[in-house]
Amino acid sequence: MTDLLANLALGFSTALTLHNVGLAFIGCLVGTLIGVLPGIGPIATITMLLPITFNVEPVGALIMLAGIYYGAQYGGSTTAILVNIPGEVTAIVTTLDGHQMARQGRAGVALGIAAIGSFFAGCVATVVIAALAAPLVKLALLFGPAEYFSLMVLGLTFAVVLARGSVPKALAMILLGLLLSTIGTDLETGAERLTFGVSALTSGIDFAVLAMGVIGFAEVLKNLEAPETRDLEKVPIGRLLPGREDLKRAAGPIARGTLLGTALGILPGNGAVLGPFASYALEKKLAKDPSRFGRGAIEGVAGPESANNAGAQSSFIPLLTLGIPPNAVMALMVGAMTIHGIVPGPLVMTKNPTLFWGMIASMWVGNLMLLIINLPLVGIWVKLLDVPYRLMYPAILVFSCIGIYSVNNSASDVMLTGVFALVGYALLKLGFETAPLLLGYVLGRLMEENLRRALLIARGHFTTFVERPVSAGLLGGALIVLAAAILPAVRKRRAEVFTE
Amino acid sequence: MAGETEPIPASPAERRSVIRAPQNFVAGLALLAIAAIALGATTDLGSGRFYAVGPGLLPRGIATLLGILGLGLVVGSLLKDGEPLGRWPLRGPLFMFLAVAAFALSIRTVGLAVAGPLVAMISGAASPETRPKELLVFAIVVTALSIGLFRYVLNLPIPILIIPGILVL
């Protein structure tokens with residue numbers, strides 16, 4: 001306990017310098033600015049804004065990035081409430097009651113309770129991360145290659161189950177991601193794999209390139225196809241601060257949403273997406289009058305928004321302690337950290353405590369920033385929504401191209417992004433979901449490395465994965481999760497959760 | 001959007017068709033094609049032994065699994081009704097790709113001052129709602145802003161304007 005306090009104190013003394021608070025502020029501000037544009041999720045936002053962190057020292061850069069991430073998240077919720085367009089999957093739930101509240105003239109209260117709930121969730125999640133970090137890092141140091149491999153298998157299994165759409169198609173996307181990750185020079189033998197003689201592929205595909213193409217650009221294409229259906233009948237914002245009655249109703253959902261979101265966010269394989277859905281379902285079940293849901297119930301905004309933010313934050317845990325990114329956004333963070341010379345994993349905490357705890361403390365600072373900037377600036381965000389998409393998307397493309405180019409100063413990266421945009425678009429059209437592909441790609445290299453190392457240590461015996469108890473347990477978990485996903489009863493339940 | 005895709009009630013004409021789930025059919029074929037390409041491209045890589053896994057083992061193993069899934073999708077699409085293939089408008093993807101490619105080709109040869117408006121104008125052709133004059137003005141403003149931000153505020157090494165033999169900014 002005293003350790004925890006001392007660590008947090010170290011963190012806050014780092015995060016609260018004027019310089020770093022300023023960086024957190026800029027990060028949150030531009031993150032929200034870009035994130036609030038309809039149809040741009042956190043992945044595209046972070047890729048676009050990555051270059052602005054290049055000239056900052058590592059601690060500051062990570063603090064800024066975290067700010068961008070939270071800003072993008074909150075921006076997505078803002079569009080969900082105001083114009084019924086979720087910035088990403090996790091904000092879908094917010095459109096249900098949030099947008100209804102806006103149509104009833106309570107947009108301000110919806111935005112307010114979302115910010116307050118998110119802030120509360122952020123506070124709790126920060127403490128949870130700080131408390132869990134040390135023991136998990138100790139655990140991580142006991143992990144050998146076999147355990148790492150099995151843990152990643154478990155993560156990918158979760159990703160299959162959590163993907164919307166059919167199980168075989170999600171599985172196919174994971175495999176495609178794994179396959180893409182093998183492109184480039186084999187680290188152990190130096191052999192070129194699947195490069196087709198293209199020199200730009202010899203060092204593998206940069207994650208930012210793949211993510212921007214398959215998710216960011218493909219998203220723009222999808223939006224272009226749908227004629228502009230933005231619900232821009234001027235909804236009045238109304239007052240921002242929820243009244244006593246509202247707060248009383250929202251308190252329970254916020255607390256429960258926070259717990260659910262934090263717990264699910266820790267799961268490997270993007271458990272965080274489940275948080276808002278689970279919280280909405282729970283609140284609806286607990287409500288005295290469930291029919292209010294979908295018609296502007298404040299509980300339906302407060303719970304999921306808290307869960308969303310809690311999950312967004314606790315999904316840092318697998319990354320910071322084990323070095324395994326649980327979702328695409330965290331994978332981008334890995335890329336960003338690598339640019340700044342930090343390899344995420346159990347060693348960061350011991351080798352670079354200022355950075356580690358500073359970043360955790362900055363999460364709390366970031367959440368506070370959001371509360372302070374977003375509510376007063378809501379008017380500006382609304383103005384941004386007035387920019388028509390016909391002007392917005394060319395600007396998005398310009399910034400994205402600059403962003404991608406700057407990551408490696410490489411023109412061929414930009415070209416590859418264009419190719420992946422087409423691939424992503426085709427996959428969407430064929431009914432494939434691309435999130436599992438990204439996760440497969442991210443974990444692919446780590447998995448192959450650990451698999452080969454584990455087999456080398458065990459002299460080629462696959463039994464090593466089941467003989468080592470922790471590894472066996474993780475694989476067993478994966479088996480149970482996968483079996484459950486295929487069981488008809490769970491399949492039906494899963495469909496229900498995602499349609500709700 | 002929902003978990004399992006609800007079978008869409010097929011019109012009598014479609015019901016006679018052998019392929020009952022066109023989207024999954026094409027999806028399966030695509031996976032088979034990817035698997036075939038990957039298997040073809042990795043034939044000369046060694047698999048190694050399990051105690052010293054070679055570079056070819058994993059790509060080939062994954063490609064084989066992908067192929068099996070693809071085959072499953074194709075077979076399934078013949079047995080069970082599913083989503084239609086839907087519309088594939090090509091205007092958006094085409095112009096967007098051209099725009100991005102134009103940026104890639106011009107950023108190092110002529111610089112951002114040209115590449116920026118180029119992306120904006122070409123990608124503008126992707127949408128029927130574009131108004132060229134308005135977009136041109138907007139594109140120039142956006143480019144000017146990004147030059148100011150990325151080159152001068154952030155000091156990133158992005159070429160601004162290159163005229164061979166005369167000027168490099």
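Two residues are taken to be in contact if their C-beta atoms, placed from the backbone, lie within 7 Å. The exercises below use this criterion on a predicted model.

**Exercise 1. Determine what share of the contacts in chain A between residues at least 6 apart in sequence join residues at least 24 apart, and set it beside the overall dimensions of the chain.**

Solution. Begin with the contacts: among those in chain A that link residues at least 6 apart in sequence, 80% join residues at least 24 apart. Next, take the secondary structure, which in chain A comes to 22 helices and two strands. The radius of gyration of chain A is 22 Å, close to the 23 Å that the globule rule gives for 500 residues, so chain A is as compact as a globular protein of that length. Along the principal axes, the C-alpha atoms of chain A fill a box of roughly 65 × 55 × 50 Å. Finally, 61% of the 500 residues of chain A count as buried.

**Exercise 2. Carry out the corresponding description for chain B, and state what radius of gyration a compact globule of 169 residues would have.**

Solution. The secondary structure of chain B comes to six helices and four strands, and read from the N terminus on, its elements follow the order α-α-β-β-α-α-α-α-β-β. A compact globule of 169 residues would have a radius of gyration near 15 Å, but the value for chain B is 25 Å. The box filled by the C-alpha atoms of chain B, taken along the principal axes, is roughly 65 × 55 × 30 Å. The domain assignment then divides chain B into domain 1 (12-79) and domain 2 (91-168), and the C-alpha centres of domain 1 and domain 2 of chain B lie 39 Å apart. As for burial, 34% of the 169 residues of chain B count as buried. Among contacts in chain B between residues at least 6 apart in sequence, 64% join residues at least 24 apart.

**Exercise 3. Identify the elements of chain A that give two or more residues to the side touching chain B, and find which of them supplies the largest share.**

Solution. The contact count comes first: 64 residues of chain A are in contact with 67 residues of chain B. On the side of chain A that touches chain B, the elements giving two or more residues are helix 8 (167-181), helix 9 (207-225), helix 17 (389-408), helix 18 (411-429), helix 19 (435-457) and helix 22 (488-499) of chain A. The largest share of that side, twelve residues, comes from helix 17 of chain A. Sorted by class, the side of chain A that touches chain B has 40 nonpolar, twelve polar and twelve charged residues.

**Exercise 4. Compare the end-to-end reach of helix 17 and of helix 6 of chain A with the expected values, and locate the kink in helix 6.**

Solution. Helix 17 of chain A, with 20 residues, reaches 29 Å from its first C-alpha to its last, close to the 28 Å expected at 1.5 Å a residue. Of these 20 residues of helix 17 of chain A, 17 are buried, so the helix is largely enclosed by the rest of the structure. Helix 6 (residues 107-142) of chain A has 36 residues and reaches 50 Å from its first C-alpha to its last, close to the 52 Å expected at 1.5 Å a residue. The kink in helix 6 of chain A, of about 35°, lies at A:A133, shortly before the proline A:P135.

**Exercise 5. Examine the phi values of A:N409 and A:L194, and decide whether each residue is buried, partly exposed or exposed.**

Solution. Most residues other than glycine have a negative phi. A:N409, although not a glycine, has a positive phi of about 50°, and its place is in the loop between helix 17 and helix 18 of chain A. With 13 other C-beta atoms within 10 Å, A:N409 is partly exposed. A:L194 likewise takes a positive phi, near 50°, and lies in the loop between strand 2 (192-193) and helix 9 of chain A. A:L194 has 19 C-beta neighbours inside 10 Å and counts as partly exposed, since a buried residue needs 20 or more.

**Exercise 6. Describe the surroundings of B:Q23, and name the residues that B:Q23 touches.**

Solution. B:Q23 sits in helix 2 (residues 22-41) of chain B and counts as buried, with 22 C-beta neighbours inside 10 Å. Leaving aside residues up to four places away in sequence, B:Q23 touches A:L430, A:G431, B:G82, B:E83, B:P84, B:L85 and B:G86. B:Q23 and B:A126, 103 residues apart in sequence, are 25 Å apart in space, C-alpha to C-alpha.

Key: Residues are numbered from 1 along each chain as its sequence is written. Chains are lettered from A and ligands numbered from 1 in the order in which they are written. This is a predicted model: local features need pLDDT of at least 70, side-chain atom pairs count only at pLDDT 80 or more; totals for chains, interfaces and linings use all residues. Ala, Val, Leu, Ile, Met, Phe, Trp, Tyr, Cys and Pro count as nonpolar, Asp, Glu, Lys and Arg as charged, and the others, Gly among them, as polar. The expected span of a helix is 1.5 Å times one less than its number of residues. The bend at a residue is the angle between axes fitted to the seven residues ending there and the seven starting there. The radius of gyration is taken over C-alpha atoms; the globule rule is 2.2 Å times the number of residues to the power 0.38. A residue is buried if 20 or more other C-beta atoms lie within 10 Å of its own, exposed if 12 or fewer, and partly exposed in between; C-beta atoms are placed from the backbone. Domain bounds come from an automatic or database domain assignment.
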